[in-house]
Amino acid sequence: MGISETSTGILKGLVVIAAVFIVLAGLKTATNILVPFLLSVFIAVICNPLIAKASEYKIPKALSVTLVIVLFLAIALSIAGLVGNSLNELSQQLPQYRTQLNEEFAWVTNKLAEYNIAISSAVLIEYFDPAAAMGLAADMLSGLGGVMANLFLIIITVVFMLFEASSLPKKLHYALDDPEMRLSQIDRFLQSVNHYLAIKTVVSIGTGVAVSLMLWVIGLDFFLLWGVLAFLLNYIPNIGSIIAAVPAMSLAILQLGPAAAGGIGLGYMVINTVMGNMIEPRFMGRGLGLSTLVVFLSLIFWGWLFGTVGMLLSVPLTMIIKIGLESSEEGRWFAIMLSNDDDVEKYHTAK
(Lines give C-alpha, C1' and ligand atoms only; values in the text may rest on other atoms or scores of the structure.)
Protein backbone atom coordinates (compact mmCIF):
# COMPACT_ATOMS: atom_id res chain seq x y z
CA MET A 1 0.00 0.00 0.00
CA GLY A 2 2.84 2.37 0.94
CA ILE A 3 4.65 1.65 -2.32
CA SER A 4 1.45 2.30 -4.25
CA GLU A 5 0.91 5.65 -2.53
CA THR A 6 4.54 6.60 -3.18
CA SER A 7 4.20 5.68 -6.86
CA THR A 8 1.00 7.69 -7.09
CA GLY A 9 2.70 10.72 -5.51
CA ILE A 10 5.64 10.48 -7.91
CA LEU A 11 3.27 10.13 -10.86
CA LYS A 12 1.31 13.21 -9.77
CA GLY A 13 4.54 15.16 -9.41
CA LEU A 14 5.67 14.17 -12.91
CA VAL A 15 2.27 15.11 -14.34
CA VAL A 16 2.45 18.53 -12.66
CA ILE A 17 5.98 19.12 -13.97
CA ALA A 18 4.94 18.06 -17.47
CA ALA A 19 1.91 20.37 -17.30
CA VAL A 20 4.11 23.30 -16.22
CA PHE A 21 6.48 22.74 -19.13
CA ILE A 22 3.58 22.51 -21.58
CA VAL A 23 2.10 25.76 -20.25
CA LEU A 24 5.48 27.53 -20.46
CA ALA A 25 5.99 26.29 -24.02
CA GLY A 26 2.55 27.63 -24.92
CA LEU A 27 3.29 31.00 -23.32
CA LYS A 28 6.63 31.18 -25.13
CA THR A 29 4.97 30.42 -28.46
CA ALA A 30 2.27 33.04 -27.87
CA THR A 31 4.72 35.80 -26.87
CA ASN A 32 3.69 38.10 -29.73
CA ILE A 33 0.09 38.05 -28.47
CA LEU A 34 0.73 37.97 -24.73
CA VAL A 35 3.29 40.80 -24.52
CA PRO A 36 0.91 43.52 -25.85
CA PHE A 37 -1.80 42.07 -23.60
CA LEU A 38 0.47 42.25 -20.53
CA LEU A 39 1.34 45.85 -21.34
CA SER A 40 -2.36 46.62 -21.73
CA VAL A 41 -3.14 45.11 -18.32
CA PHE A 42 -0.24 47.00 -16.77
CA ILE A 43 -1.37 50.34 -18.24
CA ALA A 44 -5.01 49.70 -17.34
CA VAL A 45 -4.17 48.91 -13.71
CA ILE A 46 -2.11 52.11 -13.44
CA CYS A 47 -4.84 54.25 -15.04
CA ASN A 48 -7.78 52.69 -13.17
CA PRO A 49 -7.27 54.73 -9.93
CA LEU A 50 -7.69 57.92 -11.98
CA ILE A 51 -10.97 56.59 -13.38
CA ALA A 52 -12.14 55.65 -9.88
CA LYS A 53 -11.22 59.10 -8.56
CA ALA A 54 -13.10 60.76 -11.43
CA SER A 55 -16.23 58.72 -10.61
CA GLU A 56 -16.19 60.20 -7.09
CA TYR A 57 -16.71 63.61 -8.69
CA LYS A 58 -19.63 62.32 -10.80
CA ILE A 59 -17.64 62.53 -14.05
CA PRO A 60 -19.12 60.17 -16.69
CA LYS A 61 -16.97 57.10 -17.26
CA ALA A 62 -16.78 57.65 -21.03
CA LEU A 63 -15.40 61.16 -20.49
CA SER A 64 -12.95 60.13 -17.77
CA VAL A 65 -11.63 57.20 -19.84
CA THR A 66 -11.20 59.46 -22.86
CA LEU A 67 -9.32 62.08 -20.86
CA VAL A 68 -7.03 59.50 -19.22
CA ILE A 69 -6.24 57.83 -22.56
CA VAL A 70 -5.53 61.20 -24.23
CA LEU A 71 -3.26 62.16 -21.32
CA PHE A 72 -1.44 58.82 -21.49
CA LEU A 73 -0.99 59.07 -25.27
CA ALA A 74 0.34 62.62 -25.04
CA ILE A 75 2.91 61.65 -22.41
CA ALA A 76 3.86 58.35 -24.08
CA LEU A 77 4.27 59.82 -27.57
CA SER A 78 6.27 62.80 -26.28
CA ILE A 79 8.65 60.57 -24.34
CA ALA A 80 8.87 58.08 -27.24
CA GLY A 81 9.82 60.87 -29.65
CA LEU A 82 12.49 62.31 -27.37
CA VAL A 83 13.90 58.88 -26.49
CA GLY A 84 13.85 57.82 -30.14
CA ASN A 85 15.90 60.85 -31.16
CA SER A 86 18.33 60.21 -28.29
CA LEU A 87 18.70 56.56 -29.31
CA ASN A 88 19.44 57.48 -32.92
CA GLU A 89 22.04 60.03 -31.86
CA LEU A 90 23.58 57.58 -29.38
CA SER A 91 23.81 54.86 -32.06
CA GLN A 92 25.60 57.29 -34.37
CA GLN A 93 28.08 58.30 -31.66
CA LEU A 94 28.90 54.78 -30.40
CA PRO A 95 31.73 54.30 -32.96
CA GLN A 96 33.19 57.64 -31.85
CA TYR A 97 33.02 56.56 -28.20
CA ARG A 98 34.80 53.30 -29.04
CA THR A 99 37.53 55.18 -30.90
CA GLN A 100 37.98 57.49 -27.92
CA LEU A 101 38.10 54.44 -25.66
CA ASN A 102 40.84 52.87 -27.80
CA GLU A 103 42.92 56.02 -27.51
CA GLU A 104 42.53 56.18 -23.73
CA PHE A 105 43.37 52.49 -23.31
CA ALA A 106 46.41 52.91 -25.56
CA TRP A 107 47.63 55.64 -23.21
CA VAL A 108 47.03 53.34 -20.22
CA THR A 109 48.91 50.41 -21.78
CA ASN A 110 51.85 52.66 -22.69
CA LYS A 111 52.06 53.89 -19.09
CA LEU A 112 51.93 50.33 -17.78
CA ALA A 113 54.64 49.29 -20.25
CA GLU A 114 56.98 51.83 -18.64
CA TYR A 115 56.71 49.73 -15.45
CA ASN A 116 57.25 46.46 -17.39
CA ILE A 117 53.55 45.54 -17.17
CA ALA A 118 52.52 44.24 -20.58
CA ILE A 119 48.76 44.37 -21.16
CA SER A 120 47.13 44.58 -24.56
CA SER A 121 44.61 47.37 -25.09
CA ALA A 122 42.42 44.83 -26.91
CA VAL A 123 42.23 42.79 -23.70
CA LEU A 124 41.21 45.86 -21.71
CA ILE A 125 38.49 46.70 -24.23
CA GLU A 126 37.25 43.12 -24.16
CA TYR A 127 36.74 43.15 -20.39
CA PHE A 128 35.85 46.84 -19.95
CA ASP A 129 33.87 48.44 -22.74
CA PRO A 130 31.61 51.30 -21.62
CA ALA A 131 30.25 51.60 -25.14
CA ALA A 132 28.93 48.05 -24.88
CA ALA A 133 26.95 48.96 -21.75
CA MET A 134 25.43 51.96 -23.52
CA GLY A 135 24.63 49.81 -26.56
CA LEU A 136 22.91 47.23 -24.35
CA ALA A 137 20.71 49.92 -22.80
CA ALA A 138 19.87 51.26 -26.25
CA ASP A 139 18.93 47.76 -27.44
CA MET A 140 16.67 47.29 -24.41
CA LEU A 141 14.81 50.54 -25.06
CA SER A 142 14.62 49.77 -28.77
CA GLY A 143 13.09 46.38 -27.97
CA LEU A 144 10.45 48.08 -25.86
CA GLY A 145 9.82 50.53 -28.69
CA GLY A 146 9.28 47.59 -31.04
CA VAL A 147 6.52 46.29 -28.79
CA MET A 148 4.96 49.76 -28.66
CA ALA A 149 4.56 49.52 -32.44
CA ASN A 150 1.28 47.78 -31.53
CA LEU A 151 0.23 50.96 -29.72
CA PHE A 152 -3.19 51.14 -31.39
CA LEU A 153 -4.06 47.58 -30.35
CA ILE A 154 -2.75 48.22 -26.82
CA ILE A 155 -4.79 51.43 -26.41
CA ILE A 156 -8.00 49.81 -27.66
CA THR A 157 -7.48 46.93 -25.21
CA VAL A 158 -6.81 49.37 -22.36
CA VAL A 159 -10.02 51.26 -23.15
CA PHE A 160 -12.14 48.11 -22.95
CA MET A 161 -10.36 47.04 -19.75
CA LEU A 162 -11.04 50.39 -18.10
CA PHE A 163 -14.73 50.16 -18.96
CA GLU A 164 -14.88 46.62 -17.53
CA ALA A 165 -12.72 47.27 -14.46
CA SER A 166 -15.55 48.21 -12.09
CA SER A 167 -17.44 44.97 -12.78
CA LEU A 168 -14.39 42.70 -12.46
CA PRO A 169 -14.70 42.00 -8.69
CA LYS A 170 -18.36 41.04 -9.05
CA LYS A 171 -17.54 38.72 -11.96
CA LEU A 172 -14.81 37.04 -9.94
CA HIS A 173 -17.20 36.49 -7.04
CA TYR A 174 -19.76 34.80 -9.28
CA ALA A 175 -17.09 32.85 -11.19
CA LEU A 176 -15.79 31.33 -7.94
CA ASP A 177 -19.37 30.34 -7.08
CA ASP A 178 -18.83 31.04 -3.40
CA PRO A 179 -18.87 34.78 -2.88
CA GLU A 180 -19.55 34.67 0.82
CA MET A 181 -16.39 32.70 1.60
CA ARG A 182 -14.01 34.31 -0.88
CA LEU A 183 -15.29 37.89 -0.80
CA SER A 184 -12.57 39.33 1.42
CA GLN A 185 -9.77 37.42 -0.33
CA ILE A 186 -10.79 38.64 -3.78
CA ASP A 187 -11.14 42.25 -2.69
CA ARG A 188 -7.84 42.13 -0.78
CA PHE A 189 -6.06 40.68 -3.82
CA LEU A 190 -7.39 43.30 -6.26
CA GLN A 191 -6.76 46.18 -3.87
CA SER A 192 -3.21 44.99 -3.16
CA VAL A 193 -2.36 44.71 -6.86
CA ASN A 194 -3.75 48.18 -7.61
CA HIS A 195 -2.02 49.66 -4.56
CA TYR A 196 1.35 48.09 -5.37
CA LEU A 197 1.42 49.10 -9.05
CA ALA A 198 0.12 52.62 -8.38
CA ILE A 199 2.69 53.35 -5.64
CA LYS A 200 5.51 51.70 -7.59
CA THR A 201 4.68 53.75 -10.69
CA VAL A 202 4.64 57.06 -8.79
CA VAL A 203 7.96 56.23 -7.10
CA SER A 204 9.46 55.15 -10.46
CA ILE A 205 8.38 58.43 -12.08
CA GLY A 206 9.98 60.34 -9.21
CA THR A 207 13.17 58.31 -9.62
CA GLY A 208 13.32 58.95 -13.37
CA VAL A 209 12.74 62.70 -12.94
CA ALA A 210 15.37 62.94 -10.19
CA VAL A 211 17.95 61.05 -12.27
CA SER A 212 17.29 63.20 -15.36
CA LEU A 213 17.64 66.41 -13.34
CA MET A 214 20.86 65.21 -11.70
CA LEU A 215 22.45 64.24 -15.03
CA TRP A 216 21.28 67.50 -16.65
CA VAL A 217 22.91 69.53 -13.89
CA ILE A 218 26.14 67.55 -14.23
CA GLY A 219 26.07 68.00 -18.01
CA LEU A 220 25.89 64.39 -19.19
CA ASP A 221 24.65 63.75 -22.71
CA PHE A 222 21.32 61.94 -23.24
CA PHE A 223 20.18 62.71 -19.67
CA LEU A 224 16.53 62.16 -20.66
CA LEU A 225 17.34 58.72 -22.05
CA TRP A 226 19.00 57.62 -18.81
CA GLY A 227 16.08 59.06 -16.82
CA VAL A 228 13.60 56.94 -18.78
CA LEU A 229 15.82 53.92 -18.26
CA ALA A 230 15.91 54.62 -14.50
CA PHE A 231 12.10 54.92 -14.48
CA LEU A 232 11.63 51.57 -16.22
CA LEU A 233 14.25 49.65 -14.25
CA ASN A 234 12.98 51.01 -10.93
CA TYR A 235 10.25 48.37 -11.20
CA ILE A 236 13.06 45.90 -10.50
CA PRO A 237 14.08 46.50 -6.85
CA ASN A 238 17.64 46.13 -5.59
CA ILE A 239 19.36 45.30 -8.88
CA GLY A 240 17.36 47.58 -11.18
CA SER A 241 19.01 50.75 -9.92
CA ILE A 242 22.45 49.19 -10.40
CA ILE A 243 21.66 48.21 -13.99
CA ALA A 244 20.27 51.70 -14.71
CA ALA A 245 23.39 53.41 -13.38
CA VAL A 246 25.90 51.43 -15.48
CA PRO A 247 25.23 53.03 -18.93
CA ALA A 248 25.18 56.58 -17.52
CA MET A 249 28.40 56.04 -15.57
CA SER A 250 29.99 54.42 -18.63
CA LEU A 251 29.20 57.48 -20.75
CA ALA A 252 30.40 59.76 -17.98
CA ILE A 253 33.81 58.04 -17.97
CA LEU A 254 34.24 58.87 -21.65
CA GLN A 255 32.63 62.31 -21.65
CA LEU A 256 33.41 63.82 -18.23
CA GLY A 257 36.08 61.62 -16.65
CA PRO A 258 36.25 59.06 -13.81
CA ALA A 259 35.60 61.63 -11.05
CA ALA A 260 32.29 62.70 -12.61
CA ALA A 261 31.35 59.06 -13.15
CA GLY A 262 31.94 58.39 -9.47
CA GLY A 263 29.79 61.40 -8.56
CA ILE A 264 27.01 60.15 -10.80
CA GLY A 265 27.20 56.72 -9.17
CA LEU A 266 26.92 58.37 -5.75
CA GLY A 267 23.94 60.38 -6.99
CA TYR A 268 22.18 57.23 -8.18
CA MET A 269 22.82 55.67 -4.79
CA VAL A 270 21.35 58.64 -2.92
CA ILE A 271 18.26 58.84 -5.16
CA ASN A 272 17.48 55.14 -4.92
CA THR A 273 18.14 55.09 -1.17
CA VAL A 274 15.69 57.93 -0.61
CA MET A 275 13.06 56.60 -3.03
CA GLY A 276 13.44 52.90 -2.28
CA ASN A 277 14.14 52.89 1.46
CA MET A 278 12.32 55.98 2.71
CA ILE A 279 9.49 57.11 0.44
CA GLU A 280 8.33 53.80 -1.04
CA PRO A 281 8.04 51.82 2.23
CA ARG A 282 6.13 54.74 3.78
CA PHE A 283 3.27 54.29 1.32
CA MET A 284 3.66 50.69 0.13
CA GLY A 285 2.62 48.92 3.33
CA ARG A 286 3.57 45.48 4.59
CA GLY A 287 3.90 42.15 2.90
CA LEU A 288 5.21 43.36 -0.47
CA GLY A 289 8.92 42.51 -0.21
CA LEU A 290 10.72 39.98 -2.40
CA SER A 291 14.08 38.43 -1.62
CA THR A 292 16.99 39.58 -3.78
CA LEU A 293 17.44 36.05 -5.12
CA VAL A 294 13.79 35.91 -6.19
CA VAL A 295 14.13 39.31 -7.90
CA PHE A 296 17.17 38.09 -9.86
CA LEU A 297 15.58 34.76 -10.80
CA SER A 298 12.32 36.44 -11.81
CA LEU A 299 14.31 38.83 -14.03
CA ILE A 300 15.90 35.86 -15.80
CA PHE A 301 12.69 33.83 -16.02
CA TRP A 302 10.31 36.51 -17.27
CA GLY A 303 13.00 37.94 -19.55
CA TRP A 304 13.46 34.52 -21.14
CA LEU A 305 9.70 34.07 -21.44
CA PHE A 306 8.63 37.49 -22.74
CA GLY A 307 11.84 39.29 -23.75
CA THR A 308 12.50 42.95 -22.87
CA VAL A 309 8.94 43.58 -21.65
CA GLY A 310 9.19 40.49 -19.46
CA MET A 311 12.36 41.86 -17.85
CA LEU A 312 10.75 45.22 -17.12
CA LEU A 313 7.56 43.65 -15.77
CA SER A 314 9.31 40.74 -14.03
CA VAL A 315 8.86 42.05 -10.49
CA PRO A 316 5.28 43.35 -10.95
CA LEU A 317 4.31 39.96 -12.41
CA THR A 318 6.01 38.11 -9.55
CA MET A 319 4.41 40.48 -7.04
CA ILE A 320 0.95 39.78 -8.47
CA ILE A 321 1.58 36.05 -8.09
CA LYS A 322 2.84 36.60 -4.53
CA ILE A 323 -0.16 38.74 -3.58
CA GLY A 324 -2.47 36.12 -5.04
CA LEU A 325 -0.76 33.37 -3.04
CA GLU A 326 -1.03 35.45 0.13
CA SER A 327 -4.80 35.56 -0.34
CA SER A 328 -5.17 31.79 0.12
CA GLU A 329 -4.09 29.53 2.96
CA GLU A 330 -2.96 26.85 0.50
CA GLY A 331 -0.53 29.14 -1.32
CA ARG A 332 0.77 31.18 1.60
CA TRP A 333 3.74 28.87 2.12
CA PHE A 334 4.99 29.66 -1.40
CA ALA A 335 4.44 33.41 -0.83
CA ILE A 336 6.67 33.10 2.24
CA MET A 337 9.36 31.41 0.11
CA LEU A 338 9.28 34.41 -2.24
CA SER A 339 9.53 36.96 0.59
CA ASN A 340 12.54 38.70 2.05
CA ASP A 341 13.65 38.23 5.67
CA ASP A 342 11.64 41.19 7.00
CA ASP A 343 8.40 39.91 5.49
CA VAL A 344 9.03 36.39 6.82
CA GLU A 345 9.17 37.85 10.33
CA LYS A 346 5.94 39.78 9.68
CA TYR A 347 4.21 36.61 8.48
CA HIS A 348 5.34 34.86 11.66
CA THR A 349 4.16 37.74 13.87
CA ALA A 350 0.79 37.95 12.10
CA LYS A 351 0.30 34.25 12.55
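1. Both Phe42 and Tyr235 are buried, and the two residues make a convenient starting point for reading this structure, which is a predicted model. Their rings form an aromatic pair of the edge-to-face kind, with 5.3 Å from centre to centre and 75° between the planes. Because Phe42 belongs to helix α2 (residues 31–56) while Tyr235 sits in the loop between α9 and α10 (240–255), this pair ties together parts of the chain that are 193 residues apart in sequence.

2. Tyr235 also appears among the neighbours of Thr201, a residue of helix α8 (residues 179–218). Once residues within four places in sequence are set aside, Thr201 is in contact with Ile46, Phe231 and Tyr235. Thr201 is itself buried, its relative accessible area being 8%, which falls under the 20% limit for that class.

3. Helix α9 (residues 223–233) deserves attention in the same region of the sequence as Tyr235. Eight of its eleven residues are buried, so α9 is largely enclosed by the rest of the structure. The buried residues of this helix are Leu225, Trp226, Gly227, Val228, Leu229, Ala230, Leu232 and Leu233.

4. What salt bridges does the structure hold? There is one, and in it the side chains of Lys53 and Glu56 meet at 3.5 Å, N to O. The partners are three residues apart in helix α2, so about one helical turn separates them. Lys53 is partly exposed, with a relative accessible area of 44%, whereas Glu56, at 54%, is exposed.

5. Turning to the aromatic residues, the structure holds five aromatic pairs. Besides the pair described in the opening point, Phe301 and Trp302 form an edge-to-face pair, with their ring centres 5.1 Å apart and 75° between the planes. Phe301 is partly exposed, having a relative accessible area of 30%, while Trp302 is buried at 13%. Ring pairs link these two residues with Trp304 and Phe306, giving a cluster of Phe301, Trp302, Trp304 and Phe306.

6. Further along the chain, Val309 has its place in helix α12 (residues 292–312) and is buried, with a relative accessible area of 2%. Its C-alpha atom is separated by 9.1 Å from that of Pro36, although the two residues are 273 residues apart along the chain.

7. A further long-range approach involves Val159, which is found in helix α6 (residues 151–164). Val159 and Val65 are 94 residues apart in sequence, yet their C-alpha atoms are 7.0 Å apart in space. When residues up to four places away in sequence are not counted, Val159 touches Val65 and Ile69.

8. On the surface, a nonpolar patch of about 660 Å² is made by Leu266, Met269, Val270, Val274, Met278, Ile279 and Phe283. Of these residues, Leu266 is found in helix α11 (residues 258–284), and its relative accessibility of 52% means that it counts as exposed.

9. The UniProt annotation should be read with its status in mind, as the entry is unreviewed. According to that record, "transmembrane region" covers residues 9–27, 33–51, 63–84, 140–163, 197–218, 224–246, 253–271 and 291–313. In the model, residues 33–51 are 100% helix and 0% strand, and the C-alpha atoms at the two ends lie 26 Å apart. For residues 291–313 the chain is 91% helix and 0% strand, with the end C-alpha atoms 16 Å apart.

10. For the chain as a whole, the secondary structure comes to 15 helices and zero strands. Of the 351 residues, 36% count as buried, and the chain exposes about 20000 Å², of which carbon and sulfur atoms supply 69%. Among contacts with a separation of 6 or more, 71% are accounted for by residues 24 or more positions apart; the pair of Phe42 and Tyr235, whose parts of the chain are 193 residues apart in sequence, offers a long-range example.

Conventions. Residues are numbered from 1 along each chain as its sequence is written. This is a predicted model: local features need pLDDT of at least 70, side-chain atom pairs count only at pLDDT 80 or more; totals for chains, interfaces and linings use all residues. Side-chain values use heavy atoms; hydrogens and water are left out. UniProt positions are given in the numbering used here, feature names are shortened, and annotations may be inferred rather than shown by experiment. Helices (H or I, at least four residues) and strands (E, at least two) are DSSP runs, numbered from the N terminus. Buried means under 20% relative accessible area, exposed over 50%, partly exposed in between (1.4 Å probe, protein chains only). Patches are made of residues with over 30% relative accessible area and no salt bridge: like charges are joined within 9 Å, nonpolar side chains (Val, Leu, Ile, Met, Phe, Trp, Tyr) within 5 Å. Accessible areas come from the Shrake-Rupley method with a 1.4 Å probe; for residues, only the protein chains shown count as cover. A salt bridge is a side-chain nitrogen of Lys or Arg within 4 Å of a carboxyl oxygen of Asp or Glu. Rings of Phe, Tyr and Trp (its six-membered ring) pair if their centres lie within 6.5 Å; planes under 30 degrees apart count as stacked, over 60 as edge-to-face and the rest as tilted. Contact means heavy atoms within 4.5 Å.
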